[in-house]
Amino acid sequence: MGKTARHLRPLAVLIGAALAMSTAACGGATEASTAADAVDISGSISGQTINYWSMWKDGEPQQKVIAAAIADFEKDTGATVSVQWQGRSNTEKLVPALNTNNVPDLVDGTLAKLAPVIGETGQASPLTSVYSYEVDGKAVSSLIPEKFTSNGVFKGEDGQPWMVPYSISSDGIWFNAAKHPELKAKPPATWDEFIEVLDKLKASGAAPIAADGDIAGYNSTWFVTAMLRLKGAGSFKALVEDKSGEGWDDPAVLEAAQKVETLVKGGYLNSGYNASKFPAQQQLWANGDAALILNGSWTPTETGTYAAPGFDYSSFQFPSIGDKPASARVDFIGFAVPAKSKNQVPAQRLAAFLLSAKYQDALGTEAKVLPVRPDAPVAPAVESVKAAIDAAPATHLQNDGVTFPGYMEKVFFPKDDELFLGKTSATEFIAKMKAAQIQYWKDNGS
């Protein structure tokens, strides 16, 4: 999952193509969506076939759970599921397919990838019927925490949901609780407490923080999360949407950059992080050569094969800065049904089926990921992340949900890398970002 999450972002070329296609196919998508919205998915689907393009590869833990669910689904309903285990390229393959009559009935992927390709282009069917469908005697809508849906993250321009999530990912500052029980007993809650922890680690001769500096998505988490702690969820996206660039003059934005600068200049990052190649630093951390790493909920699974003996995975959330409620990052993986799908009813039924407790529990305990249902158990290694999500008053997406074509890849990541790798100061970063953002919106017709 880690490699996927490092690339939870749309490719500008693909998005541009998808947007162009959505314009060409706008009428067809709207008509299909309107028809799909009225369907009843509770009737018989025996004898019907679903063409499903999956983001998982054969043999992956998630694939095994979904494959088992499909077998049960076929037995229970009489429907047939023709599945292609395409792996992470399934979204890229969807882009050209959407402009043809050869579209899958069901596709899954990360919200960050599906949204710009199908969710925000009018080419997905509304899945209101799925949210009303009963699973385990409860409406699907009641199985997904309200704080995941209250900001309308799954809704299209018509106000109806186009995605049904079945699992989530998050992040945290990870550590070995066997080696640092004090962090599990009393994790730093504020930035000042966090710096105190880093100073103690440094004084003890330990490298405080490991970071693979060649992964821009990881690097950016430090600035983006610091800003969200200062200004609240949605503030980074609002900053990016400011076509004048004046938002970069906000003192709070500079303060967020200064927090990153503090980590760099304070020597809190492990030696060589700015020239590392993934997963070198991650391996050093798992072997005990660094105490902390800011990374995703996939970290225990991704590092489990080379972690030090007796490694006890635990994590704490990015510390608070100021008085804003600390939201938890929650990214979604789920199903979408293309508007051109010829088998809307069975596709929607299968999307609901994976929210059954049997498969949600299996995702948590067998695949060792975070199920979308809060009542599903999880593996001990990710219990700290689940507890943080359950306790958080609100949630935010990776990069605060910014999916503007090419913005993160071409505008933000290069400048943020310079800051995180110690090549530029916080003040210089702000000035460069303001100028680059103004140019970005000029280049994009604003």
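**Helix packing and sheet arrangement**

In this predicted model, helix 4 (residues 61–77) packs against helix 18 (residues 357–365) at an angle of about 165 degrees, and the two axes lie 9 Å apart. Since angles over 145 degrees count as roughly antiparallel, helix 4 and helix 18 are therefore roughly antiparallel to each other. The crossing in which helix 4 passes helix 18 is right-handed. On the side of helix 4 the contact is made by Gln62, Val65, Ala69 and Asp72, which meet Lys358, Tyr359, Ala362 and Leu363 in helix 18. Divided by character, the residues of this contact between helix 4 and helix 18 comprise 5 nonpolar, 1 polar and 2 charged.

A second element of the model is an open sheet of 4 strands, whose order is 8-9-7-10 and whose pairing is mixed. The edges of this sheet are formed by strand 8 (209–210) and strand 10 (313–316), each of which pairs on one side only. Helix 12 (residues 216–231) packs on the sheet, where it touches strand 7, strand 8 and strand 9 (292–296), and the direction of helix 12 makes about 105 degrees with that of strand 9. Strand 7 (residues 171–176) pairs with the edge strand 10 in the antiparallel sense, over 4 bridges. Within this pairing, Trp174 has Ser315 of strand 10 as its bridge partner. In general, the strands of a sheet pair through backbone hydrogen bonds, in either a parallel or an antiparallel manner.

Notes:
Residues numbered from 1 in each chain as written. Predicted model: local features only at pLDDT ≥ 70, side-chain atom pairs only at ≥ 80, totals over all residues. Heavy atoms only, no water. Pairing = 2+ DSSP bridges. Helix = DSSP H or I, 4+ residues; strand = E, 2+ residues; numbered from the N terminus. Contact = heavy atoms within 4.5 Å. Axes fitted to C-alpha atoms, helices over the stretch in contact; angles between N-to-C directions. Parallel < 35°, antiparallel > 145°, perpendicular 65-115°, else oblique. Left-handed = near helix turned anticlockwise from the far one by under 90°. Nonpolar A, V, L, I, M, F, W, Y, C, P; charged D, E, K, R; others polar.
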